[in-house]
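Subject: Structure handover

Hello,

Here is the structure we spoke about. Please open it beside this email and follow along.

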6 protein chains.
Amino acid sequence: MTEFARSGGRAADQLRPVRITRGYTIHAEGSVLIEFGDTRVLCTASVEDKVPPHKRGSGEGWVTAEYGMLPRATHTRSDREAARGKQSGRTQEIQRLIGRSMRGVFDLKALGERTIQIDCDVLQADGGTRTAAITGAFVAAMDAVAKLMAQGKLAKSPIVGAVAAVSVGIVEGTPLLDLEYIEDVACDTDMNVVMTGLGHYVEVQGTAEGAAFTRKEMDELLRLAEKGIAELVELQRMALLA
Amino acid sequence: MTEFARSGGRAADQLRPVRITRGYTIHAEGSVLIEFGDTRVLCTASVEDKVPPHKRGSGEGWVTAEYGMLPRATHTRSDREAARGKQSGRTQEIQRLIGRSMRGVFDLKALGERTIQIDCDVLQADGGTRTAAITGAFVAAMDAVAKLMAQGKLAKSPIVGAVAAVSVGIVEGTPLLDLEYIEDVACDTDMNVVMTGLGHYVEVQGTAEGAAFTRKEMDELLRLAEKGIAELVELQRMALLA
Amino acid sequence: MTEFARSGGRAADQLRPVRITRGYTIHAEGSVLIEFGDTRVLCTASVEDKVPPHKRGSGEGWVTAEYGMLPRATHTRSDREAARGKQSGRTQEIQRLIGRSMRGVFDLKALGERTIQIDCDVLQADGGTRTAAITGAFVAAMDAVAKLMAQGKLAKSPIVGAVAAVSVGIVEGTPLLDLEYIEDVACDTDMNVVMTGLGHYVEVQGTAEGAAFTRKEMDELLRLAEKGIAELVELQRMALLA
Amino acid sequence: MTEFARSGGRAADQLRPVRITRGYTIHAEGSVLIEFGDTRVLCTASVEDKVPPHKRGSGEGWVTAEYGMLPRATHTRSDREAARGKQSGRTQEIQRLIGRSMRGVFDLKALGERTIQIDCDVLQADGGTRTAAITGAFVAAMDAVAKLMAQGKLAKSPIVGAVAAVSVGIVEGTPLLDLEYIEDVACDTDMNVVMTGLGHYVEVQGTAEGAAFTRKEMDELLRLAEKGIAELVELQRMALLA
Amino acid sequence: MTEFARSGGRAADQLRPVRITRGYTIHAEGSVLIEFGDTRVLCTASVEDKVPPHKRGSGEGWVTAEYGMLPRATHTRSDREAARGKQSGRTQEIQRLIGRSMRGVFDLKALGERTIQIDCDVLQADGGTRTAAITGAFVAAMDAVAKLMAQGKLAKSPIVGAVAAVSVGIVEGTPLLDLEYIEDVACDTDMNVVMTGLGHYVEVQGTAEGAAFTRKEMDELLRLAEKGIAELVELQRMALLA
Amino acid sequence: MTEFARSGGRAADQLRPVRITRGYTIHAEGSVLIEFGDTRVLCTASVEDKVPPHKRGSGEGWVTAEYGMLPRATHTRSDREAARGKQSGRTQEIQRLIGRSMRGVFDLKALGERTIQIDCDVLQADGGTRTAAITGAFVAAMDAVAKLMAQGKLAKSPIVGAVAAVSVGIVEGTPLLDLEYIEDVACDTDMNVVMTGLGHYVEVQGTAEGAAFTRKEMDELLRLAEKGIAELVELQRMALLA
């Protein structure tokens with residue numbers, strides 16, 4: 001089987017160029033523009049001194065996320081969800097995933113009774129918006145927590161580890177790391193993997209778009225994802241040192 | 001580490017008693033009550049002679065699913081989604097999963113321009129409602145397709161294989177098959193696996209509820225799931241022969 | 001005029017076979033499956049230790065009801081109200097009727113500041129779903145109240161009498177008791193009657209679907225309803241003794 | 001038992017002063033302000049040259065109704081339904097009743113494929129808004145039909161009889177005709193009756209607000225309603241002659 | 001350029017006949033029917049002893065407005081917003097304008113922690129409904145405040161001046177005061193002006209429907225509006241003296 | 001009266017630094033990031049080969065706009081409209097204003113039966129988002145039209161002139177051009193002015209936030225706006241030449 005040829009001569013196990021811009025907007029406690037190639041997501045972390053009802057009086061905080069896509073982030077314009085009056089199932093699925101991924105590295109007790117509200121808004125889409133969102137949201141959350149610590153509101157960080165995410169998939173028989181849009185459309189199997197800096201899994205979501213996939217294929221995809229996430233965690237670390 | 005003790009002395013790799021009742025209601029082309037222990041889901045398959053806009057004129061059919069939970073299917077009553085005016089993110093996530101799982105074993109071309117509408121309604125919940133729903137929906141879909149063939153509307157079945165689903169998770173260090181509600185609440189890692197009769201993956205959705213999980217843990221969970229699904233596929237087969 | 005011939009040789013003043021199954025599901029304080037022939041409705045009664053705003057601090061309780069129909073309870077699939085985002089006028093009309101009927105036999109003062117929430121979900125429809133719902137809901141409410149008394153939360157029952165309901169109508173000139181679907185569609189006049197165990201009226205809702213009906217016709221229908229409800233109240237009593 | 005004393009010395013079987021003003025607004029094909037004492041409802045009938053989907057191609061027309069209450073039609077302001085984003089169950093129940101009542105005297109075949117859309121908007125409420133609405137809507141519909149006939153669009157009227165409505169109820173043991181607000185609040189039993197000009201029933205909706213009512217009480221109420229409706233039909237006739 | 005000929009020989013700078021009927025309905029603290037020619041708007045002012053969240057504990061009151069149009073107030077019937085489930089952008093724009101205009105002459109401190117809720121409902125439309133609404137709402141608000149003062153709840157009026165509104169526009173080159181519907185449809189430029197009794201501006205909203213307008217045209221329109229509003233304020237004053 | 005001191009020593013009649021970045025995102029036919037100081041709005045123009053129902057078969061095109069604000073574009077996070085399920089009145093008011101402003105310089109006949117859909121999304125807010133949106137949307141629309149002409153779909157531009165917008169207001173007695181957020185909050189009078197490149201008015205919306213304003217004040221504000229818009233039109237022209 002000949003290998004699928006990627007745009008720009010990218011290798012099968014190669015991430016797209018990743019750029020992480022901190023302080024992209026001025027009001028949010030954490031504000032990060034993350035780019036995975038042509039995919040651009042603005043991730044903000046807002047601190048609110050209240051928690052949702054199910055956490056009130058618990059001494060614990062909460063971390064949650066919302067996701068949106070600007071109508072013309074995509075090749076053809078999609079409806080504005082605010083105008084249609086509801087978020088799509090896809091949007092809800094993604095924002096729930098981002099929220100769980102963030103909570104996976106948060107000690108909610110240590111956060112205290114406050115909420116970190118993550119907002120991920122896709123300015124431009126070319127595949128992988130949810131994985132870019134998670135990877136960027138972690139950096140925004142770090143900045144928001146740093147602000148709380150600088151203000152003396154927290155003595156130690158409630159963040160217990162790094163978290164990043166990447167998509168992997170099989171296109172025309174070739175396992176690929178970090179799918180761009182045309183690869184995503186063409187792939188038989190598509191998997192989003194969220195891992196910690198220690199290489200443990202927070203979420204694995206694999207879907208056979210065409211034929212069902214074998215255990216062997218899953219193992220190859222997981223290996224690719226592990227490699228990609230290790231690189232993303234290093235890129236997050238460098239961005240946070242800048 | 002001592003093993004977690006399951007209710008009723010169930011072994012860690014043992015399914016709950018599964019009952020599949022075909023023809024549970026009279027109007028639907030396929031109507032199955034499936035029980036995984038105390039979890040009871042009514043799965044109906046309805047045939048409609050039209051397709052959604054994105055399939056019109058394509059010569060292909062469509063398979064889609066909706067999911068609901070009766071308000072008092074659960075320990076404490078939950079709000080009726082119809083009264084609240086919207087389906088929760090959880091509901092949408094589940095019904096999208098059921099739809100993709102069904103489409104994973106359907107040849108939409110062979111179905112022709114008609115829709116198989118799956119409805120999964122939880123009458124009683126005790127964990128694993130989405131996996132019971134997928135497992136039961138497959139049987140309902142088989143019955144609906146058999147009816148189309150008996151009516152001469154289809155010459156050969158558009159269903160290309162069996163599909164079933166099961167949950168697995170790690171509770172107090174013990175990997176368990178087919179979690180019931182109290183196990184689901186207590187588990188650190190929770191994974192829903194959808195596989196075909198040939199043992200290939202259609203969907204894998206693993207979530208670390210507490211600590212992130214290791215590759216070794218994932219491998220153990222996948223092995224458990226594979227065992228459970230092989231048994232479920234056999235139970236489906238026997239039910240369809242009855 | 002020759003009499004309309006009913007399916008199964010049923011007499012004009014004869015109820016369909018009625019089955020009342022208590023404890024149909026395990027979580028609700030009262031859970032009853034009621035069947036009027038092929039019509040099957042699951043009625044649950046849930047006890048909640050709070051009341052709606054208009055009763056807070058009044059010392060009185062509240063009894064209310066919601067009604068739903070599974071999408072494929074009917075001959076052709078109907079839209080899922082949760083997915084459409086609103087309950088139809090018909091649904092609201094029915095659930096308001098069930099709530100008023102239940103309150104008709106409740107002493108809200110004696111109930112104390114708690115709510116009995118009735119849920120009636122139609123699993124299979126063949127006419128008369130609202131009257132079956134009321135008749136079954138009464139049994140579920142009795143069970144829920146018995147539980148409150150067994151727990152010592154209530155010293156005496158707040159239920160002051162039985163309540164049951166039946167439909168009557170005129171089809172091709174023949175007054176009929178307990179209409180099934182094909183009779184309901186064909187009838188000129190359709191009346192739903194809710195009465196207490198003492199034979200007093202809680203609700204009477206008569207509608208001329210075709211020609212307006214005369215006082216004489218109404219009198220015949222009321223007589224039929226009275227007969228049917230007396231039988232239903234007896235069936236409730238026997239079910240509660242079981 | 002002493003009789004309940006009504007405001008203004010009104011007799012138990014006496015209607016409030018009824019005023020019917022045709023041509024109250026200028027745009028609608030029929031526009032009637034109807035007053036039952038202090039209750040004032042603006043009823044318009046609009047002709048539209050199309051029918052809803054279920055009547056398309058049937059050769060038959062449709063008659064339907066919507067109902068609304070201005071926010072400050074009542075003693076204390078109620079929420080504006082348009083602002084809240086949905087019609088209450090009560091509103092839907094009433095507008096469905098008005099629609100059925102109107103259709104009860106329409107020959108939809110003779111109407112042809114057009115819709116008579118009735119709008120009943122309560123400008124001021126003092127009990128009996130739905131019965132005033134039905135009584136006024138009939139006059140508005142007559143005017144709309146007269147316009148269609150004058151334009152040569154209809155050769156003969158599709159209206160086959162008069163229809164009017166009144167409320168009756170038992171307050172402190174006294175059966176009363178045409179309840180005003182304070183009587184409505186105080187009544188044990190409340191019945192809305194819709195009858196044709198020939199004295200046949202189109203709708204009967206009786207509700208025990210407090211204790212269930214007896215057959216004897218119902219008979220007294222029906223007799224009162226019959227008297228009231230005969231008077232209303234005469235008032236409609238006189239208004240149409242003016 | 002010849003001047004545009006107005007219906008009824010109205011001069012370009014002439015208002016339509018204005019009628020202000022106080023006490024039009026009985027329940028509201030202020031209730032005014034205002035007519036600008038064939039445009040008829042019912043304006044009520046309701047006093048509520050609470051304020052919205054953003055004013056709680058501030059010692060200040062609030063004045064707000066809602067606007068609606070009966071479905072058949074217009075030449076062809078428009079959808080009922082309550083049935084459609086949302087207010088149009090136009091409706092929201094208008095009710096926000098009315099609210100701001102009223103607050104422009106209210107001293108919210110002097111009002112105390114209560115709300116004046118204005119409701120403007122168009123019974124019949126012939127252009128200028130929003131300006132009629134503002135002009136009538138002021139009179140209704142005056143009546144509501146007078147009632148509060150008569151009850152001793154307010155020692156001095158929180159209303160610091162009169163406010164009225166009128167539309168102006170340029171039709172076929174002629175600047176016109178108080179546009180009726182056919183003029184509104186034909187106009188190139190349309191301006192709604194809200195002014196106080198002292199001749200100061202509360203709101204100016206000018207829109208070029210066709211070609212952009214010049215400063216000179218705006219000056220002419222503002223002069224016309226000033227004349228019209230002076231007359232309207234005088235008509236309000238006379239109505240309040242009646 | 002001493003003049004109000006602006007941040008950064010800005011003169012009362014001075015615009016904030018304006019930056020116009022064309023081609024900010026890759027998919028839209030026109031994509032412009034416009035910055036008025038710290039206010040940043042992404043304006044895209046999308047071409048769609050269809051028109052809304054009211055234009056079908058008319059031979060004319062349509063230009064419309066939607067507006068949104070990212071939840072954390074502001075000092076404190078505001079609710080996501082898509083999650084709340086409706087657009088606020090403010091949002092609708094703004095997007096209607098943008099749409100009318102764009103149509104003010106479009107010859108819809110010359111556009112042909114296609115739609116230019118403008119989306120203005122605020123990434124960061126510091127006052128003047130609607131005026132920045134209009135000014136940027138014009139540039140995006142120019143780029144979209146240029147693309148249509150380059151593709152040979154249009155022979156001549158349907159854009160008949162430039163359009164830009166600016167806010168003006170009176171803060172502590174000083175008339176100011178181009179208000180930033182803290183000035184907007186503090187101002188007594190606030191006016192948004194939309195003008196063409198020829199200096200004619202498309203929209204004028206003035207609001208007295210505190211005391212009503214005089215004709216003399218309005219004249220001063222209009223003069224300031226005229227100056228500002230002349231500069232903005234020049235900045236648009238330079239950006240389009242780049």
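Start in chain B. Strand β6 (residues 163–171) and strand β8 (residues 189–196) of chain B are joined by 8 bridges, and the two run antiparallel. Try one pair yourself: I170(B) has T189(B) as its bridge partner in β8(B). Please keep in mind that this is a predicted model.

Now zoom out to the sheet around that pair. How many strands form this open sheet, and in what order? There are 8, and the order is β7(A)-β6(A)-β8(A)-β9(A)-β9(B)-β8(B)-β6(B)-β7(B). Chains A and B both supply strands to this sheet. Its pairing is antiparallel. At the edges stand β7 (174–177) of chain A and β7 (174–177) of chain B, and each of them pairs on one side only. From one strand to the next, the twist averages 15 degrees.

Next, look at the helices of chain A. Helix α4 (residues 129–150) of chain A lies across β6 (163–171), β8 (189–196) and β9 (201–208) of that chain. Helix α4 runs at about 165 degrees to β6(A). Helix α6 (residues 215–241) of chain A also packs on the sheet. In chain A, helix α6 touches β6, β7, β8 and β9. Helix α6 of chain A touches β9 (201–208) of chain B as well. The direction of this helix makes about 145 degrees with that of β6(A).

Move to chain D. Here 5 strands form an open sheet, in the order β1-β2-β3-β5-β4. The pairing in this sheet is mixed. Why is one side of β1 (18–22) and of β4 (62–69) left without a neighbour in the sheet? These strands of chain D stand at the edges, so each has a single partner strand. The twist of this sheet averages 15 degrees from one strand to the next.

Look closely at β2 (residues 30–36) and β3 (residues 39–48) of chain D. They run antiparallel, with 7 bridges between them. One pair to find is I34(D) with its bridge partner V41(D) in β3(D).

Two helices pack on the chain D sheet. Helix α2 (residues 89–103) of chain D touches β4 and β5 (115–124), and its direction makes about 145 degrees with that of β4(D). Helix α4 (residues 129–150) of chain D touches β1, β2, β3, β4 and β5. The direction of this α4 makes about 35 degrees with that of β3(D).

Then compare chains C and D. The axes of α6 (residues 215–241) of chain C and α6 (residues 215–241) of chain D come within 13 Å and cross at roughly 160 degrees. That angle makes α6(C) roughly antiparallel to α6(D). The crossing is right-handed. Which residues make the contact? On α6(C) they are R215(C), M218(C), D219(C) and L222(C), and on α6(D) they are R215(D), M218(D), D219(D) and L222(D). By class, this contact has 4 nonpolar, no polar and 4 charged residues.

Last, the whole assembly. A turn of 180 degrees, with a shift of 0.0 Å along the axis, lays chain F on chain A with an RMSD of 0.0 Å. These two copies are therefore related as by a two-fold rotation axis. The same surface serves both copies, as 100% of the contact residues of chain F recur in chain A.

Some chains do not meet. No contact joins chain A and chain D, and their closest C-alpha atoms lie 11 Å apart. Chain C and chain F do not touch either, with their nearest C-alpha atoms 11 Å apart.

Best wishes

Methods:
Residues numbered from 1 in each chain as written. Chains lettered and ligands numbered in written order. Predicted model: local features only at pLDDT ≥ 70, side-chain atom pairs only at ≥ 80, totals over all residues. Heavy atoms only, no water. Least-squares fit on C-alpha atoms with pLDDT ≥ 70 in both. Contact = heavy atoms within 4.5 Å. Axes fitted to C-alpha atoms, helices over the stretch in contact; angles between N-to-C directions. Helix = DSSP H or I, 4+ residues; strand = E, 2+ residues; numbered from the N terminus. Parallel < 35°, antiparallel > 145°, perpendicular 65-115°, else oblique. Left-handed = near helix turned anticlockwise from the far one by under 90°. Nonpolar A, V, L, I, M, F, W, Y, C, P; charged D, E, K, R; others polar. Pairing = 2+ DSSP bridges.
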